[in-house]
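Please look over the sequence and the model below before reading on. The paragraphs that follow lead through the structure one part at a time.

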Amino acid sequence: MSAEHQGRSKTGAVPTAPCPHCGGAAERSTDNPWRPFCSRRCKLIDLGDWLAEKHVIGDEDGSHPSGGQDDWQH
Ligand SMILES: [Zn+2]
């Protein structure tokens with residue numbers, strides 16, 4: 001018998017793919033609930049963008065949405 005440990009290998013165990021949102025490594029295993037994204041944040045952000053974009057269409061009232069403290073409008 002060999003004395004080598006047959007535990008979890010540290011190298012190349014989990015296949016990864018580029019995250020559609022940030023391009024980072026996203027685990028492609030059932031261990032990753034955020035597939036195909038790398039994290040919960042990316043999944044939520046991407047979904048949020050999609051919903052926001054869809055929501056904007058048909059709402060060309062020109063009025064500001066809630067919150068006027070953002071200074072992104074120069
Ligand atoms: Zn990501």
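The chain exposes about 7300 Å², and carbon and sulfur atoms supply 51% of that area. This is a predicted model, and every value given here is computed from it. Of the 74 residues in the chain, 9% are buried. If one considers the contacts between residues at least 6 apart in sequence, 7% of them join residues that are at least 24 apart.

The regular elements can be listed briefly: the chain has 1 helix and 2 strands, and reading along the sequence gives the pattern β-β-α. The strands are β1, residues 16-18, and β2, residues 25-27, while helix α1 covers residues 40-56.

Which residues hold the zinc ion? Its protein donors are the SG atoms of Cys 19, Cys 22, Cys 38 and Cys 42, which lie 2.3 to 2.4 Å from the ion. The angles among the 4 donor atoms run from 102 to 115°, and the site is tetrahedral. Along the sequence, the donor residues follow the spacing C-x2-C-x15-C-x3-C. Within this set, Cys 19 and Cys 38 form a pair that links distant parts of the chain, for Cys 19 sits in the loop between β1 and β2, whereas Cys 38 sits in the loop between β2 and α1, 19 residues apart. Are these two cysteines buried or exposed? Cys 19 counts as buried because its relative accessibility is 4%, under the 20% limit. Cys 38, by contrast, has a relative accessible area of 26% and is therefore partly exposed, as this value falls between the limits of 20% and 50%.

The loop between β2 and α1 also contains Trp 34. Its C-alpha atom is 9.9 Å from that of Cys 19, a residue 15 positions away in sequence. Leaving aside neighbours within four places in sequence, Trp 34 is in contact with Ser 39, Arg 40 and Lys 43. Trp 34 has a relative accessibility of 30%, so this residue counts as partly exposed. A further feature of this region is the peptide bond from Arg 35 to Pro 36, which is cis, with omega near -5°; Pro 36 belongs to the loop between β2 and α1.

Two other residues of that loop, Arg 28 and Ser 29, can be considered together. With a relative accessible area of 57%, Arg 28 is exposed, whereas Ser 29, at 19% relative accessibility, counts as buried because its value is under 20%. When neighbours within four places in sequence are set aside, Arg 28 is in contact with Pro 15, Thr 16, Ala 17 and Arg 35. With the corresponding neighbours left out, Ser 29 is in contact with Val 14 and Arg 35. Arg 35 thus appears among the contacts of Arg 28 and also among those of Ser 29.

Where does Val 14 lie? Val 14 is found in the segment before β1, and its relative accessibility of 39% places it among the partly exposed residues. Not counting residues up to four places away in sequence, Val 14 touches Glu 27 and Ser 29. The C-alpha atoms of Val 14 and Arg 28, which are 14 residues apart along the chain, are separated by 7.2 Å. For Val 14 and Asp 31, which are 17 residues apart along the chain, the C-alpha separation is 9.6 Å.

The last part to consider is on the surface, where Leu 47, Trp 50 and Leu 51 make a nonpolar patch of about 320 Å². Of these residues, Trp 50 lies in helix α1.

Notes:
Residues numbered from 1 in each chain as written. Predicted model: local features only at pLDDT ≥ 70, side-chain atom pairs only at ≥ 80, totals over all residues. Heavy atoms only, no water. Patch = residues over 30% accessible without salt bridge, like charges linked within 9 Å, V, L, I, M, F, W, Y side chains within 5 Å. Areas by Shrake-Rupley, 256 points an atom, 1.4 Å probe, with all protein chains shown as cover. Salt bridge = Lys/Arg side-chain N within 4 Å of Asp/Glu carboxyl O. Helix = DSSP H or I, 4+ residues; strand = E, 2+ residues; numbered from the N terminus. Donors = N, O, S within 2.8 Å, 3.2 Å for Na, K, Ca; no water. Tetrahedral: all angles 85-135°; square planar, octahedral: opposite > 155°, others 65-115°. Buried < 20%, exposed > 50% of the residue type's maximum accessible area, 1.4 Å probe, protein only. Contact = heavy atoms within 4.5 Å.
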